[in-house]
Amino acid sequence: MSKSNRLQKLVLKASEENSDEIDMADFPGGPKAFEICAKFCYGMTVTLNAYNVVAARCAAEYLEMTEDVDRGNLIFKIEVFINSSILRSWKDSIIVLQTTKSLLPWSENLKIVGRCIDSIASKTSVDPANVTWSYTYNRKLSAPEIIVKGGMKYQEKIESVPKDWWVEDICELEIFLYKRVMTAVKSKGRMDGAIIGEALKTYAVRWLPDSVDALISDVHSWRNKLLVETIVCLLPSDKGVSCSCSFLLKLLKVAILVGVDDSAREDLMNRISLKLDEASVKDLLISARSPQTTIYDVGMVHSIVNQCMVNEKCSQDLDLGKNDVGCTDFVLGHGSLLSVGKVIDGYLEEIARDPNLSLASFIDLARSIPEFARPVHDGLYKAIDMYLKVHLSLTKAERKELCSLMDVKKLTMDASMHAAQNDRLPLRVVVQVLFFEQVRASAGVQSLNNNPRDASRSTTNTEEEWEKTAAEDCNSIKKQMNQTKIKEGEFPKNGKFLKKDSRNSKSGMQLLPSRSRRIFDKLWVVGKGHGENKSSETSGSSQSPTSMVPGDTKSAASSAKHRRHSI
């Protein structure tokens, strides 16, 4: 009673009520904390540490063991211990902060929580070269080894402390305390955004369960939702530049599963759109939720791509200003769009395997990528071919619309060879592939003849160059077809080529696949019926063999009854 003002009041009240007992049911810290106070009152040795100091401080406050009652009282001594020892220690500050949760609101009112948070936040911004305390929470810095060489002692250089040395240490904090610590760290303004992003990623990996069932279970669904919303709230203000796109996409997948608010989900999508060029196809495979019937949420990826294009357009306007610069310079200045086009083509190939994916969704997503971001159409061709392979019920018009996404002039040699013998493609597309491959070969030979020194230089023809070259080379294709007539004796009845005089052949050209050969056979027969001046029309893609006049086809076929032609 000599050191506790509250005990004096309670005993006086009990005496007035003729009671032999006093009740302290709401005593903070419980019996162990009261025992520490009682021992101090009787002059017994009291041991304080990071695990019991908060309970002792709250108990002393409850008992009103202030300096007004007795000089050098318990509150004064505990405060000295906290300020001189606890708050100067990185590890003890974290431990004390963890123990404050069970002693709320006492620990909050006594500003113990705030002081620990400020201490931790201040220490995170210390120069790593000056960090000598435990930077992995449980193990200390390794002592430098002494190396003896030639009788001289050398001190081995200590491995430098990483800038994110504190990230793992605070992962054990409960989500509310973690949020307050990270908010304090960000408010200091001295921490790099990349390190803050790494800290949030580490915390997410530490607390978010791996399995989907655990994520959406009733026991932990509320906690997981709160965790994701907190991490999104704490993301650096640089709109995701400091966080990897892979981490943001994984966080988005979890956010969808646990049902976070729309604002948090939209914030993640906006951040992802700024780093879409770093994404992988696997990361973009976001599972669809009911009532969607598709396997993956294509609409969400489409929204991210559209936002990415809006961001690039804004960036273009800021960079170019009033200068009138074409799309070519835009690509050179924004090469990240090339990566976006590549990853979306890979994504299209993956989602094309879904039998429930509508043609409109596939086409809309494919067209969201501008032409200058897709200089090569091999990836798009693979996606179209996969869609045709899975969706066999497409009509002729739908197949034509799907294949119109692809520009055969932008296919590489390997893709052209594959497309030339692809039975799933419309006939007109195969003719286009064969024609422009022939144009490319002719242009290459002409380039070698005119500039032999520049033969090793790879060139990319523009749209206008291809069209100009196509008009000039139509007649040359006709002439080459005349030169490659093969006599009837060189073909067996089964339709296969013989190897007769193959060594003496000067053309050096590969025989085309059987389907492509049949296509050119038909085109050649029809072309003969229309005359020499019509041969260039059959070489283009504006007409298909089925659109020719039947009478002409019949007469041409009869004139070529005993001949077969190929290139």
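## A first residue: Asp70

Asp70 is partly exposed, with a relative accessible area of 25%, and it serves here as the entry point to a model that is predicted. The side chain of Asp70 forms a salt bridge with Lys3, and the closest N and O atoms of this pair are 2.4 Å apart. The two residues belong to distant parts of the chain, since Asp70 sits in the loop between α3 (53–62) and α4 (74–86), while Lys3 lies in the segment before α1 (5–16), 67 residues away.

Is Lys3 buried or exposed? Lys3 has a relative accessible area of 16%, and it therefore counts as buried, because the cut-off for that class is under 20%.

## The protein as a whole

The protein contains 26 helices and four strands, and buried residues make up 41% of its 567 residues. Among the contacts in the protein with a separation of 6 or more, 71% are accounted for by residues 24 or more positions apart. The accessible surface of the protein comes to about 32,200 Å², and 51% of this surface belongs to carbon and sulfur atoms.

## Salt bridges within helices

Side chains of opposite charge can pair when their charged atoms come close. How many salt bridges does the protein have? The count comes to 17 salt bridges, and two further examples are described here.

In helix α3, Arg57 and Glu61 lie four residues apart, which is about one turn of the helix. Arg57 forms a salt bridge with Glu61, and the closest N and O atoms are 2.8 Å apart. Arg57 counts as buried at 7% relative accessibility, whereas Glu61, at 28% relative accessibility, counts as partly exposed.

The side chains of Arg271 and Asp267 also meet in a salt bridge, with a distance of 3.3 Å from N to O. Both residues lie in helix α13 (residues 262–274), four residues apart, about one turn of the helix. Arg271 is buried, with a relative accessible area of 5%, and Asp267, with a relative accessible area of 18%, is buried as well.

## A network of partners

Which residues are joined into one network by salt bridges that share partners? The network consists of Arg57, Glu61, Glu79 and Arg115, so that the pair Arg57 and Glu61 described above, both in helix α3, belongs to this network.

Key
Residues numbered from 1 in each chain as written. Predicted model: local features only at pLDDT ≥ 70, side-chain atom pairs only at ≥ 80, totals over all residues. Heavy atoms only, no water. Buried < 20%, exposed > 50% of the residue type's maximum accessible area, 1.4 Å probe, protein only. Contact = heavy atoms within 4.5 Å. Areas by Shrake-Rupley, 256 points an atom, 1.4 Å probe, with all protein chains shown as cover. Salt bridge = Lys/Arg side-chain N within 4 Å of Asp/Glu carboxyl O.
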